[in-house]
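Hello, and thanks for sharing this one. Here is my note, written as a set of numbered points to read alongside the model.

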Amino acid sequence: MSWAQAILLARSLSRGWAGVRGAALKGAPISQVSPLALRGLHGSAATHSSDPSLVPRPPEPTRRPAKVQALHEELFGQAAGGEREKASFVKAVQDFTRHNVHRRGHVDFIYLALRKMRQYGVERDLAVYNLLLDIFPKEVFRPRNIIQRIFLHYPRQQECGIAVLEQMENHGVMPNQETEFLLIQIFGRKSYPMLKFLRMRLWFSRFKNVNPFPLPRDLPQDPVDLATLGLRHMEPDLSARVTTYQMPLANDSIGALDPNQPHIVGIQSPEQQAALARHSPARPIFVEGPFSLWLRDKCVYYHILRADLLPPEEREIEEIPEEWNLYYPMQLDLDYGRSAWDDYTFDINEGKRGEGQNSGGAQAETAHLPHRPRESMGTYLVPP
């Protein structure tokens, strides 16, 4: 053995015995000795012991971490009575601001609150949106110089503020002066949330009453009433009549998942009722659909009852009474005096050849008939 090998052997033995002796002095068993200390003993020329306590145990398999609850999820627990309403939502926001003075994690909390608003029924409440904007720290995210104004200063916070305004826009909530004051305090006038606010204030005021067929803000929850509202919204004839065909539920259907009674809601104008009464039972009637109709965030489906038009030889020409005829009045009294300059001659060939005339000079007669392959006989809404 050379002197270099002797030095390395002595150094490894000293390290191994030092680790074992330190563990013995501390009262720990030899099995808990670090593998680094035992490596010097095993790598030496000394005799290996067959004691299993000196052999290091294999590492235990890592356990999968438990599912971590979402941050601030406990603040949005249900109320004592199990009801989720505006008061419990406002209490959760106030608890966050009360216990978190420095507003740490306010961005995550605002995103969580935006997702929870529909469950609490406050997605159209302007005061709640202003309460969420009030969570942001004031005078912190405002740009101080031109460099900060050019670049997106505090981008995560500005994106969170834009998300609040976008959810207001999706639910048709118009921001007010309090919203503007909060945005100026938080982000300043030269910021993207403030630009979003200015655009909302401009276009909301212009498109507020642009819809000629407005809908109520709160739609009825009853499917029959919702179907009636949709049919009234579609039919332009005010004299149309709505008919509801509804069947009672069976006795064994109490407590079912869908307690709605099967129903069909239809609407017909007097002209459609007369056309259906004149229709021959030998000719078929077609049911076309379903077609979708959106009433704000709810979708209903309707069908149309149609029939083919009668051939021209089977159509009955309805005579219009003289008192109703606007083209041929019953009496026309025109007393105009003639003078010496009036021309009593008329030549049909003097007219210039133009649109609506054929090569012989006689004007071609064209019948402009509406392109309606089928005749409407009513509209019916059937639940899916």
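The points below go from the whole chain to single residues.

1. First, a reminder that this is a predicted model. The protein chain has 11 helices and five strands. Of its 384 residues, 27% are buried. The exposed area comes to about 29,100 Å², with carbon and sulfur atoms supplying 55% of that area. Taking contacts between residues at least 6 apart in sequence, 63% join residues at least 24 apart.

2. Next, the main core. The largest nonpolar core has 35 residues, and Phe76, Phe89, Met117, Phe136 and Met168 have the most contacts inside it. At least two residues of this core come from each of H3 (86-99), H4 (106-120), H5 (126-133), H7 (155-170), H8 (177-186) and H9 (192-207). H4 gives the largest share, eight residues. As general background, nonpolar side chains in soluble globular proteins tend to be buried together.

3. Met117 is a good place to start browsing that core. Setting aside neighbours within four places in sequence, Met117 is in contact with Phe89, Val122, Glu123, Val128, Tyr129, Leu132 and Gln167. Apart from the largest core lies another one, of eight residues, among them Leu215, Leu219, Leu295 and Ile304.

4. H5 deserves a look of its own. Six of its eight residues are buried, so this helix is mostly covered under the cut-off of 20% relative accessible area. The buried residues in H5 are Leu126, Val128, Tyr129, Asn130, Leu132 and Leu133. Their cover includes H3, H4, H7 and H8. At the N-terminal end of H5, Asp125 acts as a cap, with a side-chain oxygen 3.1 Å from the backbone nitrogen of Ala127.

5. Is Gln158, a polar residue to check in the viewer, buried or exposed? Gln158 is found in helix H7 and is buried, with a relative accessible area of 4%. Beyond its neighbours within four places in sequence, Gln158 is in contact with Leu152, His153, Phe187, Ser191, Tyr192 and Pro193. A polar atom of the Gln158 side chain lies 3.3 Å from the backbone nitrogen of Tyr192. The C-alpha atoms of Gln158 and Pro193 are separated by 6.3 Å, although these residues are 35 apart along the chain.

6. On to charges. Side chains of opposite charge can pair when their charged atoms come close. The count here comes to 10 salt bridges. One of them joins Arg124 and Asp218, at 4.0 Å from N to O. This pair links distant parts of the chain, 94 residues apart: Arg124 is in the loop between H4 and H5, and Asp218 is in the loop between H9 and helix H10 (223-234). Arg124 is partly exposed, with a relative accessible area of 25%, whereas Asp218 is exposed at 64%.

7. Two further pairs and a network are worth displaying. Arg306 and Glu288 form a salt bridge whose closest N and O atoms are 3.6 Å apart. Here strand S4, which holds Arg306, is linked to strand S3, which holds Glu288, and the two residues are 18 apart. Asp134 pairs with Lys138 in a salt bridge, the closest N and O atoms being 2.8 Å apart. Asp134 counts as partly exposed at 36% relative accessibility, and Lys138 is partly exposed at 27%. Lys91, Asp95 and Arg98 are linked in a network of salt bridges.

8. Some backbone details may interest you too. A cis peptide bond joins Gly289 and Pro290, with omega of about 0°, and Pro290 is in strand S3 (residues 286-295). Glu139 is not a glycine, yet has a positive phi of about 60°; this residue is in the loop between H5 and H6. Arg296, also not a glycine, has a positive phi of about 55° and is found in the loop between S3 and strand S4 (298-308).

9. Finally, a surface feature. Ile146, Ile147, Ile150 and Phe151 make a nonpolar surface patch of about 460 Å². Within this group, Ile150 is in helix H6 (residues 146-150). Ile150 is exposed, with a relative accessible area of 55%.

Methods. Residues are numbered from 1 along each chain as its sequence is written. This is a predicted model: local features need pLDDT of at least 70, side-chain atom pairs count only at pLDDT 80 or more; totals for chains, interfaces and linings use all residues. Side-chain values use heavy atoms; hydrogens and water are left out. Patches are made of residues with over 30% relative accessible area and no salt bridge: like charges are joined within 9 Å, nonpolar side chains (Val, Leu, Ile, Met, Phe, Trp, Tyr) within 5 Å. Accessible areas come from the Shrake-Rupley method with a 1.4 Å probe; for residues, only the protein chains shown count as cover. A salt bridge is a side-chain nitrogen of Lys or Arg within 4 Å of a carboxyl oxygen of Asp or Glu. Helices (H or I, at least four residues) and strands (E, at least two) are DSSP runs, numbered from the N terminus. Buried means under 20% relative accessible area, exposed over 50%, partly exposed in between (1.4 Å probe, protein chains only). A nonpolar core is a set of buried Ala, Val, Leu, Ile, Met, Phe, Trp, Tyr and Cys residues joined through side-chain atoms within 4.5 Å. Contact means heavy atoms within 4.5 Å. A polar contact is a pair of N or O atoms within 3.5 Å; within protein, one must be able to donate a hydrogen and the other to accept it, and residues adjacent in sequence count only if both atoms are side-chain atoms.
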